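Work through the exercises below with the sequence and the structure at hand, and try each task before reading its solution.

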Amino acid sequence: MSKEYNILIEKCIKGDKVSQKHFFEQYGPYIKGVIWRYFKDNGMVEDIFIKAMYKILTNLNSLEDHQKLMGWMKRIAVNESLMELRKNKHQYEEPLSEVAYQIADHDQYNLDMDKIKRALDQLPDGYRTVFNLYEVDGYKHREIAEILDISINTSKSQLIMAKKKLRELLTNMGFAPE
């Protein structure tokens, strides 16, 4: 942890506008990247980004260990995204029957992040949200069900269908599993 890093945080806590602007420019792209995983719409991403950054900057004084800044900011960005998703709960479809698809958990694609992002953006909102929460953020199905106010079976079904659709999209883009 560098001395400049701690000084920047302390100045932000004291309300120094120049430091807050620097903080925003330095960490904003990371926060926006976290939010992009949950939404396709640029306007929605911008709205949630502003809310998350405001919450981060106004609550920096509650962060006891500056070394945990990145994880703390990520949690705020994810929580802000999930609050917005909860408002629009309709995108989750209850499973109609037991899903017959068996999809390997760790298909490897040799892709760059832009191509993966493009494929993820094409997933329905419910699929993409559960996929991100489970595969990227490490939540368990029980936790996802509680967070999104859906059943555990819906969470599992959404993940299976997300993987199936993602595999289909990537294959259609000309990529095949290694």
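**Exercise 1.** Find which side chain makes a polar contact with the side chain of serine 19, and describe the surroundings of serine 19 in this predicted model.

*Solution.* Begin with the polar contact itself: the partner is aspartate 16, whose side chain lies 2.5 Å from the side chain of serine 19. Next, place the residue in the fold, where serine 19 belongs to helix H2, which covers residues 17–36. Then check its accessibility: the relative accessible area of serine 19 is 9%, and because the cut-off for a buried residue is under 20%, serine 19 counts as buried. Finally, leave aside the neighbours within four places in sequence, and the contacts of serine 19 are Leu8, Lys11 and Cys12.

**Exercise 2.** Determine which residues of the largest nonpolar core touch the most other members, and which helix gives the largest share of this core.

*Solution.* Start from the core, which has 47 residues, and in which Phe23, Ile31, Ile35, Leu60 and Leu69 touch the most other members. Then ask where its residues come from: at least two are supplied by each of H1 (3–13), H2, H3 (42–58), H4 (69–87), H5 (113–121), H6 (125–136), H7 and H8 (152–172). The largest share, 8 residues, belongs to H4. As a last step, take leucine 69 as an example: apart from neighbours within four places in sequence, leucine 69 is in contact with Tyr5, Ile9, Phe23, Tyr27, Leu60 and Leu63. As background, nonpolar side chains in soluble globular proteins tend to be buried together.

**Exercise 3.** Work out how the buried residues of H7 are arranged around its axis, and what they pack against.

*Solution.* First list the buried residues of H7, which are His141, Ile144, Ala145, Ile147 and Leu148. Seen down the helix axis, these residues fall within an arc of 165 degrees, and therefore they line one face of H7. The buried residues of H7 pack against H4, H6 and H8. Now look at one of them, leucine 148, which is in H7 (residues 141–148) and has a relative accessible area of 1%. The C-alpha atom of leucine 148 is separated by 9.0 Å from that of valine 130, although the two residues are 18 residues apart along the chain.

**Exercise 4.** Decide whether aspartate 149 is buried or exposed, and find the sign of its phi.

*Solution.* Locate aspartate 149 in the loop between H7 and H8. Its relative accessible area is 52%, so aspartate 149 is exposed. Its phi is near 55 degrees, a positive value in a residue other than glycine.

How values were computed:
Residues are numbered from 1 along each chain as its sequence is written. This is a predicted model: local features need pLDDT of at least 70, side-chain atom pairs count only at pLDDT 80 or more; totals for chains, interfaces and linings use all residues. Side-chain values use heavy atoms; hydrogens and water are left out. Helices (H or I, at least four residues) and strands (E, at least two) are DSSP runs, numbered from the N terminus. Buried means under 20% relative accessible area, exposed over 50%, partly exposed in between (1.4 Å probe, protein chains only). A polar contact is a pair of N or O atoms within 3.5 Å; within protein, one must be able to donate a hydrogen and the other to accept it, and residues adjacent in sequence count only if both atoms are side-chain atoms. Contact means heavy atoms within 4.5 Å. A nonpolar core is a set of buried Ala, Val, Leu, Ile, Met, Phe, Trp, Tyr and Cys residues joined through side-chain atoms within 4.5 Å. The arc is that of the directions from the helix axis to the C-beta atoms.
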